[in-house]
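Visitor: Please show me the model, and let me ask how its labels are justified.

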Amino acid sequence: MRLFVSEGVPGCLPVLAAAGRARGRAEVLISTVGPEDCVVPFLTRPKVPVLQLDSGNYLFSTSAICRYFFLLSGWEQDDLTNQWLEWEATELQPALSAALYYLVVQGKKGEDVLGSVRRALTHIDHSLSRQNCPFLAGETESLADIVLWGALYPLLQDPAYLPEELSALHSWFQTLSTQEPCQRAAETVLKQQGVLALRPYLQKQPQPSPPEGRAVTNEPEEEELATLSEEEIAMAVTAWEKGLESLPPLRPQQNPVLPVAGERNVLITSALPYVNNVPHLGNIIGCVLSADVFARYSRLRQWNTLYLCGTDEYGTATETKALEEGLTPQEICDKYHIIHADIYRWFNISFDIFGRTTTPQQTKITQDIFQRLLKRGFVLQDTVEQLRCEHCARFLADRFVEGVCPFCGYEEARGDQCDKCGKLINAVELKKPQCKVCRSCPVVQSTQHLFLDLPKLEKRLEEWLGRTLPGSDWTPNARFITLSWLRDGLKPRCITRDLKWGTPVPLEGFEDKVFYVWFDATIGYLSITANYTDQWERWWKNPEQVDLYQFMAKDNVPFHSLVFPCSALGAEDNYTLVSHLIATEYLNYEDGKFSKSRGVGVFGDMAQDTGIPADIWRFYLLYIRPEGQDSAFSWMDLLLKNNSELLNNLGNFINRAGMFVSKFFGGYVPEMVLTPDDQRLLAHVTLELQHYHQLLEKVRIRDALRSILTISRHGNQYIQVNEPWKRIKGSEADRQRAGTVTGLAVNIAALLSVMLQPYMPTVSATIQAQLQLPPPACSILLTNFLCTLPAGHQIGTVSPLFQKLENDQIESLRQRFGGGQLEETFDLKAKTSPKPAVVETVTTARPQQIQALMDEVTKQGNIVRELKAQKADKNEVAAEVVKLLDLKKQLAVAEGKPPEAPKGKKKK
């Protein structure tokens, strides 16, 4: 196998250290490459570190590479290590990225650097101290230690940033740093330059946002409650007691939805998907699903909200698809518009409008903006060298040409980009070009085209950005991409193409041309609104009253942050411009790419055939939403998140709360007499609710989902500690306590149903129906936790919300959608186990199945130990023990071992 690393890339530190630990277990060739070298042939962007396996497959997640080396060395996975890895990715890395950026790129010192990461360092120190072990997961070094050490080393190798008072952290860091594999890794990556070796790498990264508010940690609830003031507790109790009377009246429904003076008017768009293909999961999370969550949240806040999208139907891609399928461009658009609409309907996307760009309104508005730009001198004419097919008697747009890539020699490179090496191409640079229609060889000819004079508009754009960016919620990658284009200086951009399928150019001499899709696609938002209401200008020519949020993947940023704003500013017609530009990174598929042609990945029309409900897809995609960095869809992770977070955490709590009302109190919410501990819980839930609001107001969608799960975990803990199933059998005081705990728990469940609505609308509605939540409480979410189910309220029939995903089911889906290449690399038991029988069995039982069962056994064992420690009811303990034994039998069979004989008490 071959490990590719690069000097000055921080992710290479832990993988080199992990590779050093595996030395002698496997032959690893380490190659140092430049940070811009493309070592993975199917990736369009440079990526290191990368591990190329002997099978030809690639791993390019730092954690996945480290995990692979640890498994090679015989390390056994455990749940605590996985928790640390999740914490490192979601909490440590954002804080650490900010600290390194401030130190290396901005030249800041001291507390300006340490402040952003101090909470995370303290968390590690406290965890090490509390468990009184030298390493994060116990007495021996684990994967978590190497991954966290590699992340922290560039900063902490300077003693100034390793606080002396954090003695446990200090000892842990020094222990690891003196090990030979870690020392060699540091020498290779930092080259005796210390943290400054990272400067070239960090300068290319988006400027990180400073951590906002408190971070979600693995600390237990008691530590959070200890920080509450008496005033906060009193305010939470007061709000709770006011109950439903605190809710404002519902906003009257409008049709059409139009801006209202004096209200917050929120206009939301998601990037218009190309009509010529079926969206995959990455497209769905990057645009429509993220925007849908924010739209639903806006409506819960009673903001006047309009959410729109539609299919982008003009351009070369549509003509190409029409040729492939033997249809006209209009027939292609009609066919795929229906497919898109059906997919988004199944995913429960709450568009107010889902339109299309092939409309008379699109032509009218685009031509009007063009005419205004032309009249004001912002349009240029220039001659362009272009390929012309004499046989077809027309100039060829980029995608109608194929040939040999001038960079890598790939023989099927397109006229705009090579799919193999990823480099952008000018069609006239292709070797041996061919017309895709007739396969004849085109010739180079000159032709006239129109250009938008962006340099002349650059000053207006910079002034607008100067007013817009401060205080806005543009994502860091959107800011970085926009400012990098400006830093390099804007160039005139061609806005016409030699096509038939597009918006006609209303200028003499250009009758045979249409507008380039990147010029008029963003105008589609306006025309789609114009087809919804003839008062569309109240949204789109009303910047004083309208807040415009635009959602997209990062590759779409320049068209929304530069091209359309320049067009609108040059048109001088008071257009509404984007206030908050929300861009995601990319979602990969099992650390590879989605590919419809290769059958790799889940596409929107396939998701509904998996038997997994739409809300589960929504939850998981939002849980792994690529907010700060690329993320990857994983079937095994989907199983684990469904079974742990939804089934065992959220679903378990809500079901128990409702069942206690039904079973112990006849279906009526009991009287609640709050103790000081209950009041503190109210305050804590209120704080978590407010944290949820803060995150969603900043469009931190993934992080806000964690707040829901955190409240649910606290609810489970509250029930477990207070044991209402026991108290209901005791004295009058015990029964009253059972009533209070049950009443408070079912009100937390009601709150969660509303918080969950933007994420899982069907599950939310199901919970609200089961609890018979009053209608006003279903549609409004305040910043305080209210008692919405008062004593005496009758609930409905309670039933489980989620179903367990089984290993066989997920394995079948993983194979069906072609994502098996990565998991096969983890088939390590066969290499390390000395028992031939186990080797044979492991090759038939998938390693992911074995790992999932191991995780299930660990979790079930923890449940049994917890119940025994609490001296729970014997029948309840026995039931959980039966589950544990059954899981152990399944694991033994999967590993090829004979199931253990049941152990019984010996007769005396």
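Guide: Take Y549 of this predicted model: it stands opposite H580 in β18.

Visitor: What makes β17 and β18 a pair of strands?

Guide: Pairing requires at least two bridges between the strands. β17 and strand β18 (residues 580–584) are joined by five bridges, so they count as paired under that cut-off. The two strands run parallel.

Visitor: How do you know that β17 also pairs with β5?

Guide: The same test of at least two bridges applies. Strand β5 (residues 265–270) shares six bridges with β17, in the parallel sense, so this is a pair as well. Within it, L267 stands opposite L548 of β17, and I268 has Y549 as its bridge partner.

Visitor: Why is β17 called largely enclosed?

Guide: A residue is buried when its relative accessible area is under 20%. In strand β17 (residues 546–553), seven of the eight residues are buried, so the rest of the structure largely encloses this strand.

Visitor: Which strands make up the open sheet, and in what order?

Guide: The order is β7-β6-β5-β17-β18, five strands with parallel pairing. β7 (353–356) and β18 each have a single partner strand, so they stand at the edges, and one side of each lacks a neighbour in the sheet. From one strand to the next, the twist averages 20 degrees.

Visitor: Why are α26 and α28 called roughly antiparallel?

Guide: The axes of helix α26 (residues 701–722) and helix α28 (residues 732–755) cross at roughly 170 degrees and come within 10 Å. Angles over 145 degrees count as roughly antiparallel, so α26 is roughly antiparallel to α28. The crossing is left-handed. On the α26 side the contact includes I708, I711 and Y718; on the α28 side, V741, L744 and I748 are among the residues involved. By class, the contact residues are ten nonpolar, three polar and one charged.

Visitor: What makes α5 and α7 roughly perpendicular?

Guide: Helix α5 (residues 118–131) packs against helix α7 (residues 167–177) at an angle of about 90 degrees, the axes being 7 Å apart. The range for roughly perpendicular is 65 to 115 degrees, and α5 and α7 therefore earn that label.

Visitor: Which residues meet there?

Guide: L121, I124, D125, L128 and S129 of α5 meet S167, A168, L169 and W172 of α7. Six of these contact residues are nonpolar, two are polar and one is charged.

Notes: Residues numbered from 1 in each chain as written. Predicted model: local features only at pLDDT ≥ 70, side-chain atom pairs only at ≥ 80, totals over all residues. Heavy atoms only, no water. Axes fitted to C-alpha atoms, helices over the stretch in contact; angles between N-to-C directions. Helix = DSSP H or I, 4+ residues; strand = E, 2+ residues; numbered from the N terminus. Parallel < 35°, antiparallel > 145°, perpendicular 65-115°, else oblique. Left-handed = near helix turned anticlockwise from the far one by under 90°. Contact = heavy atoms within 4.5 Å. Nonpolar A, V, L, I, M, F, W, Y, C, P; charged D, E, K, R; others polar. Buried < 20%, exposed > 50% of the residue type's maximum accessible area, 1.4 Å probe, protein only.
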